[in-house]
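Grab your viewer and a notepad, and let's work through some exercises on a single fold. Try each task yourself before you read its solution.

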Amino acid sequence: MNILMIDCVLPSLDKFAGEHDIRHARWNGQGALVPVHYFIRQVSRSGEVFRPDILVQREHLGRRLLLGGLWKLDCPKIFWAVDSHLNLFWQQHYARLFDLVLTPHARLFANLSPDVQAARCLPLTWPGVERTWRPHGLRQHTASFVGVLDTNRIHRLRFTSFLKEQYDITATSMPFADMLDLYTDTRLLPNESICQEFNFRIMEGASCGCCVVTEDIGDDLAVNFEPGKEVLTYRHVFEFDELFRFLLARPQLAEKIGKAAHERVARCHTEAHRSRFLLETCAALSATRRESRQARLDFALALAELGRGEPACAPLLKPAQDIFDEEPEDWRAAAMSLRLCLEGLSVATDKESWRARAIQLCGALAARAPALAASARLDAALLLYAAAVRLEDPLWLGECRRLLPDVAWDSEGSPSDSHVQTALVLARHLGDARRTCRPGFKFDPRSHCPDSAIELLLLAEGSVRDEQERCSLLAVLSHLSQQSPLRDLALDSGARYTLRARPDWRITLDYALCNLRAFRLKEGLEEALLAQIQAQEAGAETRFAAAANAAGLRLPRS
């Protein structure tokens, strides 16, 4: 079997190759759109053209590489996505060009709405590092944390500040080899995640035999390590603080957990395990036949989403739009063309021509939307709502409402109230369609069109002036963001909603938990105690105690 590996460096792979002809190709530049045949030419030898029987592309951290023309290859294709927690907004389309997606963030792909899910997805992390076991009694450091610290990682800054204030643990950044040496000399490894994802630090700490204490991220952790035996988890800073102090007083337990994690890496997660798995998967995989026209549109959608979400990738919008222009009758092409037009309006120099094109696209969309499938009608309604806001034209708000089924619309009230009512109904439908948020996409309500419930509510909030209407929006925004990995948004919306809402122990307790999940221990406990007082005044002390206990928050009875 001829196997083409693109950016997939596993040195032991050739050791297990057997009769397979494995060739490795790499892109040495910055992230880019590169024809897949560039890599085929790269690995072809004099007088011979390499024809892959299977292609494997591994995502390269910090560099977004999209392969053009994948649909022209008949062979099976595998995409190993390692950074999906920040890139799912474009990878959900790119992944559909492959027959199999491998990722440490399988939960994210599983939670996509069915109409955009990849053909098949399996959980697979990067390999661990083989390190000799070192007893904890010989380790010099009680706890260590290595990671990038900057203003783009506000949650991590709060986390590391807490570590410094409470335990005198200084976070640092250092070369990879030095980090492994430090972890091999460390007993406890506290960990946080940007978007509640399985991250590299978990595997690195386990490889070095540390007792890893990490956020509870659910199945993506449990498929790799057994919580409670090989790693320990917490839901918020109060649980972390209790757990960490518990371990500091019981070094033998920390060593037992660290050794179990070290043994799990040796048993399941080495580079040799990944190499064998990939070769076995390649041998068993068959290609999924897809119409090249649809695959090309998936590719254009990936380009467009990446161009929208990353200013440095804006040049990708032009080749995407060229493909959409060739498929004017395709629903997905028409929808993205309208989205890009509405977003371009904010920076266009010739605003009148952009506005005229947007109105034309809105009219065409409104005319054809009733005949579309339910998921497409929801997208159309969302776009028409965005058009009503961006173009400041209530006509499109009415067209949006026409597409939302079984709603008894209130015709009375102000135009602003109509906006709010529509936004709340749309947000509910988007939530039901598993479109709550898009981690990694830097949504700006001043320029972007929304694609999720949370983005919609952020856009809607900017179009209302009435405080009661704003409070209605904030109630839903606060609730949805608390269920999402967007902890800073949950903190902000929770604070603003708590200030506007009537005093209620349930609302205050929710905000307390937002603070605790954001590593604000003092503020979280203050809000929790206020919620307790509110519950007592309302005669709901028993219900408060049950809710607090379920959330892992134990407060003294007053």
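Below are five exercises, each with a worked solution.

Some ground rules come before the tasks. This is a predicted model, in which local features need pLDDT of at least 70, side-chain atom pairs count only at pLDDT 80 or more, and totals for chains, interfaces and linings use all residues. Residues are numbered from 1 along each chain as its sequence is written, and side-chain values use heavy atoms, with hydrogens and water left out.

**Exercise 1. Find the buried face of helix H22, and say what it packs against.**

Step 1: get the extent. H22 has 17 residues and spans 24 Å from first to last C-alpha, close to the 24 Å expected at 1.5 Å a residue. Helices here are DSSP runs of H or I with at least four residues, strands are E runs with at least two, and both are numbered from the N terminus. The expected span is 1.5 Å times one less than the number of residues.

Step 2: list the buried positions (buried is under 20% relative accessible area, exposed over 50%, partly exposed in between, with a 1.4 Å probe and protein chains only). They are Leu 521, Gly 524, Glu 527, Ala 528, Ala 531, Gln 532, Gln 534 and Ala 535.

Step 3: look down the axis. The buried residues of H22 fall within an arc of 165 degrees, so they line one face of the helix. That arc is taken over the directions from the helix axis to the C-beta atoms. The general background: an α-helix has 3.6 residues a turn, so residues three or four places apart point the same way.

Step 4: check both sides. The buried residues pack against H4 (154-167), H8 (237-248), H21 (505-517) and H23 (541-550), while the face turned away from them carries exposed Lys 522 and Glu 537. Just after H22, Gly 539 has a positive phi of about 70 degrees.

**Exercise 2. Which side chain of opposite charge is nearest to Glu 527, and how far away is it?**

Step 1: place the residue. Glu 527 sits in H22 (521-537).

Step 2: look for a partner. For charges, Lys and Arg count as positive and Asp and Glu as negative, with His and the chain ends not counted. The nearest candidate is Arg 520, 7.4 Å away, and buried Glu 527 has no salt bridge. A salt bridge here needs a side-chain nitrogen of Lys or Arg within 4 Å of a carboxyl oxygen of Asp or Glu.

Step 3: see what surrounds it. Beyond neighbours within four places in sequence, Glu 527 contacts (heavy atoms within 4.5 Å) Thr 508, Tyr 511, Ala 512 and Asn 515.

**Exercise 3. Trace the salt bridges of Glu 310 to Arg 64 and Lys 442.**

Step 1: take Arg 64. The closest N and O atoms of Glu 310 and Arg 64 are 3.5 Å apart. Glu 310 lies in the loop between H11 (292-309) and H12 (317-326) and Arg 64 in the loop between S4 (54-58) and S5 (65-68), so the pair ties together parts 246 residues apart in sequence.

Step 2: take Lys 442. Here the closest N and O atoms are 3.0 Å apart. This pair links the H17-H18 loop with the H11-H12 loop, 132 residues apart.

Step 3: compare burial. Glu 310 is buried at 13% relative accessible area, Arg 64 is partly exposed at 23%, and Lys 442 is exposed at 52%.

**Exercise 4. Which residues touch the most other members of the largest nonpolar core?**

Step 1: apply the rule. A nonpolar core is a set of buried Ala, Val, Leu, Ile, Met, Phe, Trp, Tyr and Cys residues joined through side-chain atoms within 4.5 Å.

Step 2: read off the hubs. In this core of 55 residues, they are Leu 384, Tyr 385, Leu 391, Trp 396 and Leu 426. The largest share of the core, 12 residues, comes from H15.

Step 3: zoom in on Leu 426. Outside four places in sequence, Leu 426 touches Leu 378, Ala 381, Leu 382, Tyr 385, Cys 400, Leu 404 and Leu 456. A second, separate core of 43 residues includes Leu 4, Phe 50, Leu 73 and Phe 324.

**Exercise 5. How many of the eight residues of helix H6 are buried?**

Step 1: count. Seven of the eight residues in H6 (200-207) are buried, so the helix is largely enclosed by the rest of the structure.

Step 2: name them. They are Arg 201, Ile 202, Met 203, Glu 204, Gly 205, Ala 206 and Ser 207.

Step 3: step past the end. Just after H6, Gly 209 takes a positive phi of about 80 degrees.
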